[in-house]
Amino acid sequence: KSKQLAPSKPIMTSPKLNKLESEEHVADALAAYVADLSSKSIADHGSFSVVLSGGSLIDTMRKLVQPPYVGKIDWKNWLIFWLDERVVPLDHPDSNYKLANDGFLSKVPIPKANIYPIKENLSPEKAAEEYEERLKQLVANKKLKTSAITGMAKFDLMLLGMGPDGHVASLFCWHFQRFEKKKWVTFITDSPKPPPPRITFTFPLINSASEIAMVVTGEDAADAVKVTLGEHADYGYPLPVQKVKPEGGYTWFLDKEATSLLK
Ligand SMILES: O=C1O[C@H](COP(=O)(O)O)[C@@H](O)[C@H](O)[C@H]1O
């Protein structure tokens, strides 16, 4: 009788889907979810490490900087990182740091020392290496947890958005970065969405997170949502978003327009 081999990784359970009436409902549900995780993480290990995307996500986080959340959250124990960043100065209109700072970070008392933007004036390759090195130092200093499965940093929460082409972070279809297995952070110099030079977390690092929230709104995303969550989920060549298979929790926040092509 053949022996049954133990799987090398836990098998991911299906994501929790929050299909909501409107973008406003998504913003409400997201704020409640993030505030709850913040309390649980800080009660458990004294900090809450949050990784932000750029794009529409920052506006959808707007309720966190409003009552009742803004006054209740223990902001001083938050640590902020970026899933991907455009290699431009931090005050450039294309910078994901600037987007987050203008719409979110400047409105809450997170200590500056707990905010980890990319280093300016480096090439994309050097910026990615430098960011990965900083993450490794934070793991070594026990400021970030480690995944027992990958040995990579285990963030408390990654907040992902998804482009209409199914890209997440700066991991695009037809670009080799999506297949990276060893690096924590990599770079791209020809992003199909401008600006071309960017750095990005890799899938092994993304999937090491304790919790991933996928926040998707608007009808532009409906086709990629159908491919990922619909009945005909297999195109033979998966979209980048289909490679999100976290070892921890996985929750989608969707508005009606984003789910309009689902049965
Ligand atoms: O270029 C990017 O796009 C994605 C998706 O953005 P969205 O506006 O369609 O939500 C974003 O998650 C990523 O961080 C950003 O650099």
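**Exercise 1. In what order do the three strands of the open sheet stand, and is the pairing parallel or antiparallel?**

Work from the predicted model.

Step 1. The order is β4-β9-β8, and the pairing is antiparallel.

Step 2. Look at the edges. β4 (84–86) and β8 (185–188) each have a single partner strand, so one side of each is left without a neighbour in the sheet.

Step 3. Add the twist. From one strand to the next, it averages 20°.

**Exercise 2. Find how β4 is joined to β9, then find the helix that packs on the sheet.**

Step 1. Count the bridges. β4 and β9 (residues 198–201) run antiparallel and are joined by three bridges.

Step 2. Pick a residue. Glu85 has Ile199 in β9 as its bridge partner.

Step 3. Turn to the helix. α5 (residues 124–140) packs on the sheet and touches β8 and β9. The directions of α5 and β8 make an angle of about 165°.

**Exercise 3. Describe the surroundings of the ligand.**

Step 1. List the residues. There are 13 around the ligand, and Ser53, Gly54, Gly55, Ser56 and Gly161 come nearest.

Step 2. Sort the shell by type. Three residues are nonpolar, eight are polar and two are charged.

**Exercise 4. Judge how compact the chain is.**

Step 1. Take the inventory. The chain has seven helices and eleven strands.

Step 2. Compare radii. The radius of gyration is 18 Å, close to the 18 Å from the globule rule for 263 residues, so the chain is as compact as a globular protein of that length.

Step 3. Check burial. Of the 263 residues, 43% are buried.

Step 4. Check contacts. Among those with a separation of 6 or more, 77% link residues 24 or more positions apart.

Methods: Residues numbered from 1 in each chain as written. Predicted model: local features only at pLDDT ≥ 70, side-chain atom pairs only at ≥ 80, totals over all residues. Near = placed C-beta within 6 Å. Nonpolar A, V, L, I, M, F, W, Y, C, P; charged D, E, K, R; others polar. Pairing = 2+ DSSP bridges. Helix = DSSP H or I, 4+ residues; strand = E, 2+ residues; numbered from the N terminus. Axes fitted to C-alpha atoms, helices over the stretch in contact; angles between N-to-C directions. Contact = placed C-beta atoms within 7 Å. Rg over C-alpha atoms; globule rule 2.2 N^0.38 Å. Buried ≥ 20, exposed ≤ 12 C-beta atoms within 10 Å, placed from the backbone.
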